[in-house]
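Q: I have a protein with a ligand on my screen and I'd like to learn how to read it. Can we walk through it together?

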Amino acid sequence: MPYQNILVAVDLGSTTETVAGRASALAKQNGATLHVLHVIEPLAITYGQAKEQLDRLCESLDVPDSRQHLVTGRPEAEIPTQAKAIDCDLIVVGTHARWGLALLLGSTTDGVVHSAECDVLAVKVDAAT
Ligand code: AMP
């Protein structure tokens, strides 16, 4: 069965375009609705900056305001929570190679896979980006 409601989580960093582009293509192939989420972490960039970047990204993806989600909290907790709230059947996140301490600490993607009640697609992004 094709996916109907896809949520892409973006950190607004350099890999955002790759992850969002993959999610957008998948949404088109499945005839699915695409939602875009950014979670503002404490001490991170301000709401205004994040909103501006998210607006620009959503405009390029043809995603209306009603499907933009900007919340505050911890990404690994908020991504599954928001996905459930908007009844998504697929979450798309990025993932890159990790080693050393990062392996021990885990990643956002690991946390999302652990908590999500729906499928999760981890898009491989270049470790250097
Ligand atoms: P990281 O574990 O920080 O390398 O992040 C892996 C992936 O988790 C990113 O590519 C995004 O898809 C997602 N992610 C991380 N931080 C955030 C955030 N603040 N808001 C939304 N998604 C995020």
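A: Sure, let's start at the ligand: one of its oxygen atoms sits 2.6 Å from a polar backbone atom of A9. Keep in mind that this is a predicted model.

Q: Which backbone atom of G94 lies 3.0 Å from an oxygen atom of the ligand, and what does H38 offer to a nitrogen atom of the ligand?

A: For G94, a backbone N or O atom lies 3.0 Å from a ligand oxygen. H38 uses its side chain instead: a polar atom there is 3.5 Å from a nitrogen atom of the ligand.

Q: How much of the ligand does the protein bury?

A: The idea is to take the ligand's area alone and ask what share the protein covers. Alone, the ligand exposes 490 Å², and the protein buries 86% of that.

Q: Which elements give two or more residues to the shell around the ligand?

A: Those are β2 (33-40), α3 (75-85), β4 (90-95) and α5 (108-115). β2 has the largest share, with three residues.

Q: Which residues come nearest to the ligand, and how does the shell divide by chemical character?

A: The shell has 15 residues, and A9, V10, V39, G94 and T108 come nearest. By character, the shell residues split into seven nonpolar, six polar and two charged.

Q: Let's zoom out. How many helices and strands are there in the protein, and in what order do the elements run?

A: Count the elements, then follow them along the chain. The protein has five helices and five strands. Starting at the N terminus, the order is β-α-β-α-β-α-β-α-α-β.

Q: What share of the residues is buried?

A: Of the 129 residues in the protein, 42% are buried. For that label, a residue needs under 20% relative accessible area.

Q: How do I read a helix, say α1: what does it reach from its first C-alpha to its last, and what is expected?

A: Compare the end-to-end reach with the expected one. Helix α1 covers residues 16-30, 15 in number, and reaches 21 Å between its first and last C-alpha, close to the 21 Å expected at 1.5 Å a residue.

Q: Which residues of α1 are buried, and where do they fall seen down the axis?

A: The buried ones are T16, V19, A20, A23, S24, L26 and A27. Looking down the axis of α1, they fall within an arc of 165 degrees, so they line one face of the helix. On the face turned away from that buried side you find the exposed residues E17, K28 and Q29.

Q: What do I get for α2 if I ask about its span and its buried residues?

A: The 15 residues of α2 should span 21 Å at 1.5 Å a residue, and its end C-alpha atoms are 21 Å apart, which agrees. Buried in α2 are A50, L54, L57, C58 and L61. Down the axis of α2, these buried residues fall within an arc of 95 degrees, so they line one face. The face of α2 turned away from the buried side carries R56, E59 and S60, which are exposed.

Q: Is H35 buried or exposed, and what does its side chain contact?

A: H35 is found in strand β2. With 9% relative accessibility, H35 counts as buried. Its side chain makes a polar contact of 3.3 Å with the side chain of N5.

Q: Now backbone angles. What sign does phi usually have?

A: Most residues other than glycine have a negative phi. Here L12, which is not a glycine, has a positive phi of about 65 degrees. L12 is in the loop between β1 (5-9) and α1, and it is buried, with a relative accessible area of 15%. D62 also has a positive phi of about 65 degrees and is not a glycine. Its place is in the loop between α2 (47-61) and β3, and at 69% relative accessibility D62 counts as exposed.

Q: Last one: how far apart in space are G73 and H38, and S66 and V36?

A: Set the sequence gap beside the C-alpha distance. G73 and H38 are 35 residues apart in sequence and 10.0 Å apart in space. G73 is in the loop between β3 (68-72) and α3, and counts as buried at 19% relative accessibility. S66 and V36 are 30 residues apart in sequence, with 9.8 Å between their C-alpha atoms. S66 is in the loop between α2 and β3, and is exposed, with a relative accessible area of 59%.

Conventions
Residues numbered from 1 in each chain as written. Predicted model: local features only at pLDDT ≥ 70, side-chain atom pairs only at ≥ 80, totals over all residues. Heavy atoms only, no water. Near = heavy atom within 4 Å. Polar contact = N/O pair within 3.5 Å; in protein donor to acceptor, adjacent residues only side chain to side chain. Areas by Shrake-Rupley, 256 points an atom, 1.4 Å probe, with all protein chains shown as cover. Helix = DSSP H or I, 4+ residues; strand = E, 2+ residues; numbered from the N terminus. Nonpolar A, V, L, I, M, F, W, Y, C, P; charged D, E, K, R; others polar. Expected span 1.5 Å × (residues − 1). Buried < 20%, exposed > 50% of the residue type's maximum accessible area, 1.4 Å probe, protein only. Arc of directions from axis to C-beta.
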